[in-house]
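Here are a few exercises to work through with the model open beside you. Try each one yourself before reading on to its solution.

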Amino acid sequence: MTRLKEPHPHSGLLIVVEGIDGSGKTTQAHLLKSWLESRGEAVFFTEWNSSELVKKATRAGKKSATLTPLTFSLMHATDFADRHLYQIVPPLKAGMIVIADRYAYTAFARDEARGVHPEWVRNMYSFATRPDVALYFRVTTDVALERLSSARAKIKYYEAGMDMRLSTDIAESFRIFQSRVVGHYDALCNEYGLTTIDATRTIPEQQAIVRDIVLARLRERRRGGAA
Amino acid sequence: MKTISFHGAAPEYLTGIPMAGRLIVVEGTDGVGRSTHVVNLRQWLEVSGHAVVETGWTRSKLVGRTIDKAKSGHMLSPLTYTLLYACDFADRLEKEIIPALRAGYVVLADRYIYTALARCSVRGMETEWLARLFSFAPVPDLVLYLRLDAPALARRVLLSSGIDYWEAGKDMFPQMDIYDSFVAYQSRILEQFDAMCQERSFQPVDARKPIELVQDELRSAVARLLRE
């Protein structure tokens, strides 16, 4: 299985947004969705860690802090596989636009930062459909931390990498752990050709760039004769 | 002291852990009498002074119930079925198997990754992909493979609990009746196990013999290993 490296045969379009927590990728994904819908496109939105199959078990594991890097990795892969089967491939076959908030790259970056074998994770996700557009919203951990602390009360345990025992201070742990994740994301941009977007710019500025990229891709698809 | 050795790519934080105990696997198809033999082996080992930890397929705290629930519905694809098995095994590996091996226990595994390799492979998953996925599993010291042909298995299962949907592989042969489906499915599983038995040097045990003789054979293999 090497689907993640080959163009998919479906008539739909797969758009992926990536970035660390606090990068603003979800906001950008929602703005993109509204815009595409206003243009009359059928859009399907799917987010990381949301499948009914393992949502409860993952939540329980996170709550009791009993997930290890290995089980954390496997649970997220199971979630992704289930959504890939029910939420990603069918809309792509139906010619719809699928927007995925986080994709296999999240697993590659995070799991490697937790010490899971990089080749092993890549093998596990090799069934994943290759995105037509993959956007990486890049911020420094300081900016992300500032956004997160202004938006909500508490940084989550695994998000901060507290399971890695890097620091007892949650903000400090977040800084160290997410810096490693950013390092892995940067390498992934080369390996998988993700498009980096400077996520320290204003929301409208970023959205304008995103829309340009997607529009170019939609035109290309129309010229290609697909639905 | 030697360290735990893995089939392949284990996470970096699991490498270099001392191996003070022994990992013994009992494999075989549904209905071959595995669980009975594991219970008897355990009693015998404890009487001879060995501390034993038992671990059983899909009994993890993390996803044991999720798997039961998913199997009772129709939401599983071969891919999610495989990945849930891997979640279950990983959880038991880190919470039960590795701590026990480190502490010098004899770990008795009722089924191991070979069950997943066989079941998922007959459901169409790529062999190479599967082997890599489960490569974080430690290499057992001994794999005892209880073997019985499919019609004999069917008679045993019918006399105990009756054939269920998954044992019959009904997801693979929906058009067949339950008996034919059981025999077709278990024969394919047997082919997988037989091939692995060769490649991975399992110790085959003929399960047609009376239960006491089979148990004796298992005990002498275990005793040999523990004397080493």
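This is a predicted model, so let us read it with that in mind.

**Exercise 1.** Find how strand 1 and strand 3 of chain B pair, and then place both in their sheet.

*Solution.* Start with the pair itself: strand 1 (residues 22–27) and strand 3 (residues 106–110) of chain B run parallel and are joined by 5 bridges. To fix the register, take L23(B), which lies opposite V107(B) of strand 3 of chain B.

Next, step out to the sheet. In chain B, 5 strands make an open sheet with parallel pairing, in the order 2-3-1-4-5. Its edges are strand 2 (52–56) and strand 5 (203–206) of chain B; each has a single partner strand, so one side of each lacks a neighbour in the sheet. On average, neighbouring strands here are turned by 20° against each other, direction ignored.

Finally, look for what covers the sheet. Helix 1 (residues 34–47) of chain B packs on it and touches strand 1, strand 2, strand 3 and strand 4 (142–147) of chain B. The direction of this helix makes about 170° with that of strand 3 of chain B.

**Exercise 2.** Is strand 1 of chain A buried or exposed, and which strands pair with it?

*Solution.* Begin with burial. A residue counts as buried when 20 or more other C-beta atoms lie within 10 Å of its own. By that test, 6 of the 6 residues of strand 1 (residues 13–18) of chain A are buried, so the strand is largely enclosed by the rest of the structure.

Now check the two faces. In a regular strand, side chains alternate between the two faces of the sheet. Here L13(A), I15(A) and V17(A) point one way, L14(A), V16(A) and E18(A) point the other way, and all are buried.

Then turn to the partners. Strand 3 (residues 97–101) of chain A pairs with strand 1 of chain A in the parallel sense over 5 bridges, and V16(A) has A100(A) as its bridge partner there. Strand 4 (residues 133–138) of chain A also runs parallel to strand 1 of chain A, joined by 4 bridges, with I15(A) opposite V133(A).

**Exercise 3.** Which helix of chain B gives the most to the side that touches chain A?

*Solution.* First, count the contact: 26 residues come from chain B and 25 residues from chain A. Helix 2 (64–72), helix 3 (78–102) and helix 5 (127–133) of chain B each supply at least two residues of the chain B side. Helix 3 of chain B gives the most, with 9 residues. By class, the chain B side holds 17 nonpolar, 4 polar and 5 charged residues.

Definitions and conventions:
Residues numbered from 1 in each chain as written. Chains lettered and ligands numbered in written order. Predicted model: local features only at pLDDT ≥ 70, side-chain atom pairs only at ≥ 80, totals over all residues. Contact = placed C-beta atoms within 7 Å. Nonpolar A, V, L, I, M, F, W, Y, C, P; charged D, E, K, R; others polar. Buried ≥ 20, exposed ≤ 12 C-beta atoms within 10 Å, placed from the backbone. Pairing = 2+ DSSP bridges. Axes fitted to C-alpha atoms, helices over the stretch in contact; angles between N-to-C directions.
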